[in-house]
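Biologist: I have a structure open and I'd like to learn how to read it. Could you walk me through some features?

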Amino acid sequence: DTDPWSVAVVDVNSDNKPDIIVANYVSNTVSVLLNAGNGTFHAQTTYPVGTGPWSVAVFDVNNDNKPDIIVPNFGSNSVGILLNTGNGTFHAQTIYSVTSGPVSVAVVDVNNDNKSDIIVANYDSNTVGVLFNTGNGIFNAQITYSVGINPVSVAVADVNNDNKPDIIVANFGSNNIGVLLNAGNGTFNAQTTYSVGTNPISVAVVDMNSDNKFDITYANSGSNNVGVLLHC
C-alpha cells in the first residue's frame with residue numbers, strides 16, 4: 001500500500017515463522033505479510049485503520065496468547081487495536097480517542113495488574129497518554145502527562161530499579177529526553193528532562209555498559225548523530 005512508514009516483525013499465526021506487519025501512512029491501512037517459509041512472504045492482507053497510521057506495535061493485549069496490532073492514527077487522533085482472531089487474521093480496529101497527533105506507542109504493564117497497557121506519544125499536544133487495560137483488550141480513556149514540545153518516540157523501562165516501569169520520551173521540538181518516573185499504580189511523576197542534540201526523533205532504553213542499569217540512546221535527526229545517556 002501507499003507510503004509504508006513502520007514495521008514490526010512477530011509470529012502472528014503461531015507457525016513459528018516471523019511475519020511482517022506494516023503501517024501504511026497514506027493509504028490508512030495496516031498490512032500483514034505471512035511468512036511462507038525460507039524468508040519468503042505471502043502477498044499482504046490489508047486492514048483499514050484510522051487516518052495516517054504513523055507506526056505499529058504488536059502485542060497480546062487480551063491475554064489469549066495471540067499477538068494483536070496496536071496503531072497510533074496521527075490524523076484521526078486515535079489509537080486503533082486490531083485483535084487477532086487466530087491464524088493471523090484480525091478483527092476490525094477498535095478505536096480509542098487520544099489527544100492530538102499520536103505518533104508512537106509502547107505496550108507494557110505499568111500498574112502491575114498483569115495486563116498490557118498502552119503508552120502513546122501525542123506529538124501535536126505535547127503529552128504522553130496512558131491507557132489502562134481493563135481486561136480482554138478493553139482500555140480506559142487515556143490519562144495525559146505534559147512533556148516537551150512534539151514528543152515523537154516513547155519507550156518504557158524501569159530506569160530506577162524500583163520494579164515499576166517508567167516512561168522515556170524523545171521531545172523533538174525541545175531537543176531533550178524526558179523521563180517520567182512511575183509513582184505507583186501506573187501514575188507518573190512530572191518529567192525530568194535531559195538536553196540532547198537537535199530534534200531527537202527516536203529513543204531506546206537498554207543497558208549499554210553492562211552495569212545492570214538502563215541507559216538511554218537516541219537519534220538526533222537535526223544534528224545527524226546519535227547519543228547515549230549513561231545511567232549514573
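**Reading contacts, loops and a domain interface**

Modeller: Let's start with one residue: leaving out residues up to four places away in sequence, Val-7 touches Ile-21, Val-22 and Val-56. Keep in mind that this is a predicted model.

Biologist: Okay. Where does Val-7 sit, and is Val-7 buried or exposed?

Modeller: You'll find Val-7 in strand β1, which covers residues 4–10. For exposure, you look at relative accessible area: over 50% is called exposed. Val-7 comes out at 56%, so Val-7 counts as exposed.

Biologist: How far apart in space are Val-7 and Ile-143?

Modeller: Their C-alpha atoms are 27 Å apart, with their positions 136 residues apart in sequence. Now set that beside another pair. Leu-229 and Ile-216 are 13 residues apart in sequence, and their C-alpha atoms are 5.0 Å apart.

Biologist: What else does Leu-229 touch, and which strand holds Leu-229?

Modeller: Leu-229 is part of strand β27, residues 225–229. Again skipping residues up to four places away in sequence, its contacts are Ile-177, Tyr-194, Val-196, Asp-215, Ile-216 and Tyr-218.

Biologist: Let's do loops. Which loop holds Gln-93, and why does Gln-93 count as buried?

Modeller: Look between β11 (89–90) and β12, and there's Gln-93 in the loop. The label "buried" needs a relative accessible area under 20%. Gln-93 has 17%, so Gln-93 is buried.

Biologist: What is around Gln-93?

Modeller: Beyond its neighbours within four places in sequence, Gln-93 is in contact with Pro-48, Val-49, Gly-50, Val-71, Asn-73, Gly-80, Ile-81 and Leu-82. Asn-73 deserves a second look: its side chain and the side chain of Gln-93 are joined by a polar contact of 3.4 Å.

Biologist: Can you give me another buried loop residue?

Modeller: Try Asn-150, in the loop between β18 (143–146) and β19 (151–157). Its relative accessibility is 18%, so Asn-150 counts as buried. Past the neighbours within four places in sequence, Asn-150 is in contact with Tyr-123, Asn-126, Ala-170, Asn-171, Phe-172 and Gly-173.

Biologist: Now backbone angles. What is phi near at Asn-28 and at Asn-87?

Modeller: The thing to look for is the sign of phi in a residue other than glycine. Asn-28 has phi near 60°, a positive value. Asn-87 also has a positive phi, near 60°.

Biologist: Where are those two?

Modeller: Asn-28 is in the loop between β2 (19–24) and β3 (29–33). Asn-87 is in the loop between β10 (84–86) and β11. As for accessibility, Asn-28 has 25%, so Asn-28 is partly exposed. Asn-87 has 67%, so Asn-87 is exposed.

Biologist: What does the side chain of Asp-162 reach?

Modeller: The backbone nitrogen of Lys-164, at 3.0 Å. Asp-162 lies in the loop between β19 and β20 (166–171). Its relative accessibility is 27%, so Asp-162 counts as partly exposed. Asp-162 and Gly-184 are 22 residues apart in sequence, with 9.8 Å from C-alpha to C-alpha.

Biologist: Let's zoom out. How is the chain split into domains?

Modeller: The domain assignment gives domain 1 as 1–97 and domain 2 as 103–231. Going by C-alpha atoms, the centres of domain 1 and domain 2 are 22 Å apart.

Biologist: How many residues of each domain are in contact, and how much area is buried between them?

Modeller: From domain 1, 15 residues are in contact with 18 residues of domain 2. About 1,300 Å² is buried between domain 1 and domain 2, and carbon and sulfur atoms give 68% of that area. Val-61, Phe-74 and Tyr-96 together supply 34% of what domain 1 buries against domain 2, more than any other three residues.

Biologist: How many salt bridges and polar contacts cross the interface of domain 1 and domain 2?

Modeller: The rule finds zero salt bridges there. It does find four residue pairs in polar contact across the interface of domain 1 and domain 2.

Biologist: And which strands and residue classes make up the side of domain 1 that touches domain 2?

Modeller: β7 (57–59), β8 (68–73), β9 (78–82) and β12 (94–97) each supply at least two residues of that side of domain 1. By class, the side of domain 1 that touches domain 2 has 10 nonpolar, four polar and one charged residues.

Conventions: Residues numbered from 1 in each chain as written. Predicted model: local features only at pLDDT ≥ 70, side-chain atom pairs only at ≥ 80, totals over all residues. Heavy atoms only, no water. Domains from an automatic or database assignment. Contact = heavy atoms within 4.5 Å. Buried area = accessible area lost by both parts, 1.4 Å probe. Salt bridge = Lys/Arg side-chain N within 4 Å of Asp/Glu carboxyl O. Polar contact = N/O pair within 3.5 Å; in protein donor to acceptor, adjacent residues only side chain to side chain. Helix = DSSP H or I, 4+ residues; strand = E, 2+ residues; numbered from the N terminus. Nonpolar A, V, L, I, M, F, W, Y, C, P; charged D, E, K, R; others polar. Buried < 20%, exposed > 50% of the residue type's maximum accessible area, 1.4 Å probe, protein only.
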